[in-house]
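Reader: I should like to learn how the features of a protein model are read. Would you please guide me through an example?

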Amino acid sequence: MDGFDEVIARVEGEVAGAQELAERAQGFLDSLADVRGVGVDRDERVRVEVDASGNVVSLEIEEDPELGGAVVEALEAARAAAGRSLAGAAGRAYGEDSEVASQLAQEYGTDDDDDDVSGYGARGGFRGWR
């Protein structure tokens, strides 16, 4: 085998290794949807379930089952408001037409999208609250 053939063989080996690594990475990413963590307080009155990112997906409060759902709803609203603020900050820093600002605005909306009647302000939080 001459030097040229050795280089080709080495590159082919590197490509095969990269493809295997990509397949493993995709398998890992696919498995993240099933990852859950559950925590219970010491008195077993509150149970919280989070996803792989640590986002609350379920909250159960023994004394008030409806309150758990309300807390999760409030967390989702807060996360959405933070996303809109992040999109606005990216637009101000990089320009509204920048790729990062556009992607964030597409995902979360923008500060200006909060003119609805739900009561949530452009910077997050409920109008009338601090």
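Author: The following dialogue treats the overall fold, one buried residue and one surface patch. This is a predicted model, in which local features need pLDDT of at least 70, side-chain atom pairs count only at pLDDT 80 or more, and totals for chains, interfaces and linings use all residues. Residues are numbered from 1 along each chain as its sequence is written, and side-chain values use heavy atoms, with hydrogens and water left out.

Reader: How many helices and strands are there in the protein?

Author: Helices (H or I, at least four residues) and strands (E, at least two) are DSSP runs, numbered from the N terminus. The protein has three helices and three strands, arranged along the sequence as α-β-β-β-α-α.

Reader: Is Ser 58 buried or exposed?

Author: A residue is buried under 20% relative accessible area, exposed over 50%, and partly exposed in between (1.4 Å probe, protein chains only). Ser 58, in strand 3 (residues 56–61), has a relative accessible area of 18% and is therefore buried. Of the 130 residues in the protein, 18% are buried.

Reader: Which residues is Ser 58 in contact with, leaving aside its neighbours within four places in sequence?

Author: Contact means heavy atoms within 4.5 Å. Beyond those neighbours, Ser 58 is in contact with Arg 47, Val 48, Glu 49 and Val 72. Arg 47 is eleven residues from Ser 58 along the chain, and their C-alpha atoms are separated by 8.0 Å.

Reader: Where is Val 7 found?

Author: Val 7 is found in helix 1 (residues 3–31). Its relative accessibility is 37%, so Val 7 counts as partly exposed.
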